[in-house]
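Grab the model and work through these exercises with the structure open beside you. Each one has a task, then a solution you can follow step by step.

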Amino acid sequence: MNDHVGILSNNPIIAAVNDIEKYKIALESPCSIIFLLTGNILNLRSLVNQAREYDKKVFIHFDLMDGLTKDTTGLKFVKEHVQPYGIISTRSSLIKRANDADFFTIQRIFLLDSISFEKGINDIKTSRPDAIEIMPGVVTKMTAEVCAMTHVPVIAGGLIKEKKDVIDNLSAGAVCISTSRKEIWYM
């Protein structure tokens, strides 16, 4: 396991921030990792720099950032000017390019049905991310299957509402969970 993946397993709860108003709360929380699910080309650098002041590692969800192109130029801009710890994307092609640009990559997949499950597994095998975030995170049976089939560290996210969801996912093989529920950030 490389150092980057070790950071995930050593920090089982990740603050997922989908509202800038919650960002300060996440910075002051005990979570060492923040998944930034909101922002734009104008505030990203400032947000990532703030996190560094709090000794937090930020992953930006590239697909959700306003003003960034989802291509090599956008990745180059983020690498040179924003410098997050890593990126998250649902797009296999973006994950591949981000790997080539030496980012720590997390591919987010949505497990809605058997077709999305099979497509997600195939996408992971093609894009080869450093970690996978599966959603929703309350399908722990699927967490175990994804772990077994991909041998890539898994993060469970989405609809995590209580301590049991955290424990069930970690027991199923996830290395950590991500949640926007600030009550869980303090578990």
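**Exercise 1. Find the residue in β3 that is the bridge partner of leucine 36.**

Keep in mind that you're looking at a predicted model.

- Step 1: Go to β2, residues 33-36, and then to β3, residues 57-61.
- Step 2: Check how these two strands run: they're parallel, and 4 bridges join them.
- Step 3: Look across from leucine 36, and you land on isoleucine 60 in β3.

**Exercise 2. Work out in what order the strands close into a barrel, and where helix α5 packs.**

- Step 1: Follow the pairing around. The order is β1-β2-β3-β4-β5-β6-β7-β8, so 8 strands close the barrel, with parallel pairing, where a pair needs at least two bridges.
- Step 2: Check the twist. On average, neighbouring strands of this sheet are turned by 25° against each other, ignoring direction.
- Step 3: Add helix α5, residues 92-100, which packs on the sheet and touches both β4 (86-89) and β5 (104-110). The direction of α5 makes about 170° with that of β5.

**Exercise 3. Decide whether arginine 91 and aspartate 63 are buried, partly exposed or exposed, and say which parts of the chain they link.**

- Step 1: Start with the contact. The two side chains meet in a salt bridge, with 3.7 Å from N to O. That passes, because the cut-off is 4 Å.
- Step 2: Place the ends. Arginine 91 sits in the loop between β4 and α5, while aspartate 63 is in the loop between β3 and α4 (72-82). They're 28 residues apart, so this pair links distant parts of the chain.
- Step 3: Compare with the cut-offs: buried is under 20% relative accessible area and exposed is over 50%. Arginine 91, at 39%, is partly exposed. Aspartate 63 has 15%, so it counts as buried.

**Exercise 4. Two salt bridges lie within helices; find how far apart the partners are in α2 and in α8.**

- Step 1: In α2 (residues 20-28), take lysine 24 and glutamate 28, which are 4 residues apart, about one turn of the helix. Their side chains meet at 3.5 Å, N to O.
- Step 2: In α8 (residues 163-171), aspartate 168 and lysine 164 are also 4 residues apart, so about one helical turn separates them. Here the N to O distance is 2.6 Å.
- Step 3: Look at exposure. Lysine 24 is partly exposed at 43%, and so are lysine 164 at 49% and aspartate 168 at 26%.
- Step 4: Check the total: the count comes to 5 salt bridges.

Definitions and conventions. Residues are numbered from 1 along each chain as its sequence is written. This is a predicted model: local features need pLDDT of at least 70, side-chain atom pairs count only at pLDDT 80 or more; totals for chains, interfaces and linings use all residues. Side-chain values use heavy atoms; hydrogens and water are left out. Axes are lines fitted to C-alpha atoms, for helices over the stretch in contact, and angles run from 0 to 180 degrees between N-to-C directions. Contact means heavy atoms within 4.5 Å. Buried means under 20% relative accessible area, exposed over 50%, partly exposed in between (1.4 Å probe, protein chains only).
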